[in-house]
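Me: I would like a close look at a single part of this protein. Please start from one side chain and work outward.

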Amino acid sequence: MPLELPPREPFRRTNLLWLYGRRLLIWLLVPYLLLHLLLITFQRQLIFHPTKTAPLSGHLAGAGLIDVQDVKLKISDELTLHGWYYERPATAETSARQLLIYFPGNSGTRSDRQEICLDLLRLGYNILIFDYQGYAENQGSPSEQHFATDAQAIWKFATTQLGYSPEKITLYGESMGGGVATRLAAELSEAKTPPAALILKSTYSSIPATARYHYPYLPLLSLFVWDPFPSIDRIEKVTSPILQFHGTADRITPYYEAERLFAAAPAQSATGIAKQFVTIPEGGHNGFPEETLRREIQKLQALIAQPTTPPESSN
């Protein structure tokens, strides 16, 4: 008898397509998810760029123009923050003393801000600047909550040990420091002790929004940010006058994000001073024209010095 073979099953192209399609999906999806996981795991290394140094002395920070005091602030038994206090020569007008607390960005140390501190000093401010936890000679590690703890301790130091009243203290936040300053200003406003003003330079609306800008092909990344710094949700609580600077060519914090942050701010302060947004044409993230900063801050100082009537609340 002839050998009978079983009938051959017809070739199923759909099965083959499904097999290779599934393999291709796995080959693409697994690395994609692993990239998300990698960036989520090491996100603080991307957000914070602390520079560690030997102890920084304020002796040379004044560039021979002014004495700069080394100041220390005990946060806990294990942690002490180090900073500098630039103080103008004493005058008979002690009531006119104004303090500016400088919150730096996410990289460098207070020694990198000497020149701008001297510029702000010429505007009549005394300057208080501390490095955050994990920066310069400070112990600790960077995080949003740690920075908020630092900010509250710095405010307490300024109002108690240095003796400034809240209405004599301006908060100045640079880049990431703008998020720190905005949170502090919102908390102080809610406590009915608002600062004299909030000045923001190259500040983001939030870290998740910045992540979406830099990593548009990784949409899940913004959902797992540990340190969101949601300034856009906090600035509406600030009752102090607000002055914001941003450059149109900023490639770190895009200009439109600064506009979103400004739009979320109250139209005017509790004393009736309108918020101000200063555009720096072709300005990058750093290096704004000194004359522009000086001119606009002087305008703000003049507005604050004028007697104002709080806006009437609508019924």
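What is the relative accessible area of Arg-260?

Reply: This is a predicted model, in which local features need pLDDT of at least 70 and side-chain atom pairs count only at pLDDT 80 or more, while totals for chains, interfaces and linings use all residues. Residues are numbered from 1 along each chain as its sequence is written, and side-chain values use heavy atoms, with hydrogens and water left out.

The relative accessible area of Arg-260 is 40%, which makes the residue partly exposed. The scale is this: buried is under 20% relative accessible area, exposed is over 50%, and partly exposed lies in between (1.4 Å probe, protein chains only). Glu-257, at 6%, is buried. These two residues form a salt bridge, with their closest N and O atoms 2.8 Å apart. The term requires a side-chain nitrogen of Lys or Arg within 4 Å of a carboxyl oxygen of Asp or Glu. Both partners sit in helix H8 (residues 255–264), with their positions 3 residues apart, about one turn of the helix. Helices (H or I, at least four residues) and strands (E, at least two) are DSSP runs, numbered from the N terminus. Elsewhere, Glu-144, Arg-183, Glu-187 and Arg-234 are joined into one network by salt bridges that share partners.

Helix H8 has a strand on either side of it in the chain: E9, H8 and E10 make a right-handed β-α-β unit. Right-handed means that, with the strands pointing away from the viewer, the path from the first strand over the helix to the second runs clockwise. Strand E9 covers residues 242–247, and 6 of its 6 residues are buried. Both of its faces are covered: on one side are Ile-242, Gln-244 and His-246, and on the other Leu-243, Phe-245 and Gly-247.

E9 also has strand partners, where pairing requires that DSSP finds at least two bridges between two strands. With E10 (residues 276–280), E9 pairs in the parallel sense over 5 bridges, and the partner of Gly-247 there is Ile-280. With E8 (residues 197–201), E9 is joined by 4 bridges, and the two run parallel. Ile-199 has Leu-243 as its bridge partner in E9.

Other salt bridges can be set beside the one in H8. The whole structure has 14 of them. In one, Asp-131 is joined to Arg-110, with the closest N and O atoms 2.6 Å apart. This pair links distant parts of the chain, 21 residues apart: Asp-131 is in the loop between E6 and helix H4 (144–161), and Arg-110 is in the loop between strand E5 (107–108) and helix H3 (114–121). Asp-131 counts as buried at 2% relative accessibility, and Arg-110 does too, at 1%.

In another, Arg-183 is joined to Glu-144, with the closest N and O atoms 3.4 Å apart. Arg-183 lies in helix H5 (residues 176–190) and Glu-144 in helix H4, so this salt bridge ties together parts 39 residues apart in sequence. Both Arg-183 and Glu-144 are buried.

One more strand is worth describing. E4 (residues 98–103) has 5 of its 6 residues buried, so the rest of the structure largely encloses it. E4 pairs in the parallel sense with E6 (residues 125–130) over 5 bridges, where Gln-98 has Tyr-125 as its partner. E4 also pairs in the parallel sense with E7 (residues 169–174) over 5 bridges, and there Ile-101 stands opposite Leu-171.
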